[in-house]
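Open the model in your viewer and keep the selection box handy. We'll hop from spot to spot, and at each stop you'll hear what to pick and what is there.

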Amino acid sequence: MMAFRVAVLEKIATGLGVMAFVWATVVLLEATKVLSRSHELEWQHAVSHSLSIQSTKPKKASMDQKISAELPHANREAENTEQSSISLEDPTPDGCFPFEIQRTWTFAAVPFISHSNLFVARQVSSMLYILQLMSAAVSIALSIRQLSSQRFISDKTHDDRSKLLSLALNVFYALALMQSLVFLLLLQVQTRYNFLEGQSLEMVKDFFYDAYSASLKKSIFDGLAMDLVGYSITQIQSNSAKQQLGGMHILLAFVKQKELKANTLRRIGTTPDALNRLLQMLTWKNHHEMQIRLAAASILKRLVQYNGNRFKVVAIPGALEAISSLLASEEDYCRNEQNVTPLFSKMIRLRGLRILKELTKVHSNCVRIGSIRGLRRILVTLIQVRHGFVDGNSALDLKAFTVSLHLIKLLTTTTGKSGKILGDQIGRTVFLLRNLRDIIVSRGQMTSKESALDMVICLALDNHRREEIGRTGGMITNLLMLFLTREETLKAGEALNLILLQNSKNCRRLLDLNHFSSSSLQNYCEDPRIGACVAKMLRSLFVYFTPNQKDAILALAPYLMRMAVKSMESSTITYQEALLGFLALMVPSLSTPPYELIFSHTLFTKQTFLNEFMNMVERLPSFDLDSYPRIRRHIVELAIALMRHDNVQRQALKDGQAFEHHLREILETVSEVENYYTISGQIGLTRHLQTMENLIEVAITELHKQ
């Protein structure tokens, strides 16, 4: 399309130049025989003739000059120290590619005088470009001046020939002005495509020569039929390394442009041979093919950002293995006797990690990616922390650490039966829990700690994995300190809840820390978010409390009961669910005097509590049981504890038969999801010790006791 636009503008400029030249030589020169005082005509004629020659010049040297003007940054490889040879996202510190040394001159660096830096081709091209701009600017200024003043001839001459000459000069200056403006517009169109730069310039020039020549000599529609993206795809499928690298550079430059990215990636994605070729290039291990490999990884990373392309890539046999080959370490390259710098291995590994990260956004791909041989070992190694900091000091190390951590998180949090199997395979990596603990303790970003906590939560869903987490030295201690000292780390509390769930050894490990006192618990419970986590932990720990610890917790019974009633009046269902579950376990342990002391306050009587309790039972149908599957269980458990502890409470619940009616409604709508404490997707993992159906039957039996 660029060649088409350039050809159209060139044809317009050529036509205007020819018209101006013919007009100047045929009409105006004939008129100057009569009126020879118009001295400025000769100068203007020379300017117009110069512009017309520039526009009509069809030689290849002129095209070289135009492309040099069009791509002003393309030939700066000898001086550019800010970008790498293929303009990748992570250039080296000195701007050079880590394994390539330029030993030949580029076209723009060739000097006109040998053994000197004078009159280099790039400098000559810039001088000609400036002269063109100056010529156009002078022509525009002079034309506007003459058209505005209308002083072409002597004021004393007013015959018919003078009037005709004035009209002819107006036409001439108008043509010169239009030609100069079209020339500036042509330069503006050309500079819009200055993103094509680097070693592929010669290939771009060859393509433009063909398209430009076809548009000028034949028809502009012949130029339209030529496509630079299709031309580049053809080049990468050739057997020439130079053509392959040039094609990769052009495609990479196109996918980096916002206005061209979508169409270019769509073209690559819908061309099966191109996609297969890119995946094949990822496995190339030859030293001289490393640039091609890195460029192919960069293009594929952008390609899999679209959901449709993710399915296409994974469906190709051997695609995931080809992508995983990018994750090879420096030791792997040395073992294979490949002369690759550590910087390059880090760059190529980062591309591979980002490609896999994009592919894991499709749930069905996670299991296939997690099953790649050796991938789990590599990812766990990349999230290693030493001396409190991430292993490595460069920006590439930090990026690889972050992407690897996020990738393991996506694989670990895969739901369903297959996700459970994948999580179990990842958990078998012996260094994983140690690295996760080090990340939680490290002085890193909070986002990295949250990702590590998410993985601990997913691993703790498995009953057998909780014991391994608890055995990891410092894991429970650091999780507890992180939870109690930073309010924004509620995930640490959730992780502790799962680690303590139905695990006596982990509960005793936590109780040995002696971090729970009556005053601290009361402070924690004032915040509904933290209080919900603390109440869930207390429900798991209560059975394993020492007598002194249990007495300290039971002393908070009046406060916790009032907080439960307060939560019933509010909309904090999570906090309400957690408090009801803990009270259902605590009330049976209360003796009669402490229990009666709870309702001794005039503003908080047994009747007040029962009224709020029944109001909450009546609101049960409005609760989202998918989000709060345990609230009905805890209500039934608390009702059983109250009826067993106090006959007055049993009689109050029995009167009117409203509570029994609600119990039977719950029995008719009970589901299997309420029998599980932890669920992965739609797969139940940790079951409650007592089924919901059996619990309701016990409540109805207690209700009818005398």
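Select Glu637 to begin: at 16% relative accessibility, this residue counts as buried, where buried means under 20% relative accessible area, exposed means over 50%, and partly exposed is in between (1.4 Å probe, protein chains only). This is a predicted model, in which local features need pLDDT of at least 70 and side-chain atom pairs count only at pLDDT 80 or more, while totals for chains, interfaces and linings use all residues. Residues are numbered from 1 along each chain as its sequence is written, and side-chain values use heavy atoms, with hydrogens and water left out.

Now add Arg633, which is buried too, with a relative accessible area of 2%. Glu637 and Arg633 form a salt bridge, and their closest N and O atoms are 3.9 Å apart. (A salt bridge here is a side-chain nitrogen of Lys or Arg within 4 Å of a carboxyl oxygen of Asp or Glu.) Why are the two about one helical turn apart? Because they sit four residues apart in helix H34, residues 631–645. Helices (H or I, at least four residues) and strands (E, at least two) are DSSP runs, numbered from the N terminus.

Next, go to Glu660 and Arg664, whose side chains meet in a salt bridge at 3.1 Å, N to O. They are four residues apart in helix H36, so about one helical turn separates them. Glu660 is buried at a relative accessible area of 12%, whereas Arg664 is partly exposed at 42%.

For another charged pair, pick Asp424 and Arg428: their salt bridge has its closest N and O atoms 2.8 Å apart. Asp424 counts as partly exposed, at 22% relative accessibility, and Arg428 as exposed, at 57%. Add Arg465 and Glu468 to the selection, and you have four residues linked in a network of salt bridges: Asp424, Arg428, Arg465 and Glu468. How many salt bridges does the structure hold? The count is 21.

**Rings**

Time for aromatics. Rings of Phe, Tyr and Trp (its six-membered ring) pair if their centres lie within 6.5 Å; planes under 30 degrees apart count as stacked, over 60 as edge-to-face and the rest as tilted. By this rule there are four aromatic pairs. Show Phe542 and Phe545: the ring centres are 6.0 Å apart and the planes stand at 80°, so this pair is edge-to-face. Both Phe542 and Phe545 are buried. Add Phe582 as well, since Phe542, Phe545 and Phe582 form one aromatic cluster.

Then select Phe613 and Phe659, a tilted pair because the planes meet at 45°, with ring centres 6.2 Å apart. This pair links distant parts of the chain: Phe613 is in helix H33 (residues 606–618) and Phe659 is in helix H36 (residues 658–669), 46 residues apart. Phe613 and Phe659 are both buried.

Two charges over rings come next. A charge sits over a ring if NZ of Lys or CZ of Arg is within 6 Å of the ring centre and within 35 degrees of the ring normal. Look at Arg630, lying over the face of Tyr677 at 4.5 Å from the ring centre. Then find Arg687, whose charged end sits over the ring of Tyr676, 4.9 Å from its centre.

**Into the core**

Which residues have the most contacts inside the largest nonpolar core? They are Leu479 and Phe613, in a core of 165 residues. (A nonpolar core is a set of buried Ala, Val, Leu, Ile, Met, Phe, Trp, Tyr and Cys residues joined through side-chain atoms within 4.5 Å.) Select Leu479: leaving aside neighbours within four places in sequence, its contacts (heavy atoms within 4.5 Å) include Ile440, Leu453 and Val456.

Last local stop: Leu275, in helix H11 and buried at a relative accessible area of 5%. Leu275 and Leu300 are 25 residues apart in sequence and 8.4 Å apart in space, C-alpha to C-alpha. Not counting residues up to four places away in sequence, Leu275 touches Ile268, Leu300, Leu303, Lys312, Val313 and Ile316. Color helix H11 (residues 272–281) and pick out its buried residues, among them Ala274, Arg277 and Met281. Their cover includes helix H8 (228–236), helix H10 (258–269) and helix H12 (290–303).

Finally, zoom out. The protein chain has 37 helices and four strands, and buried residues make up 51% of its 706 residues.
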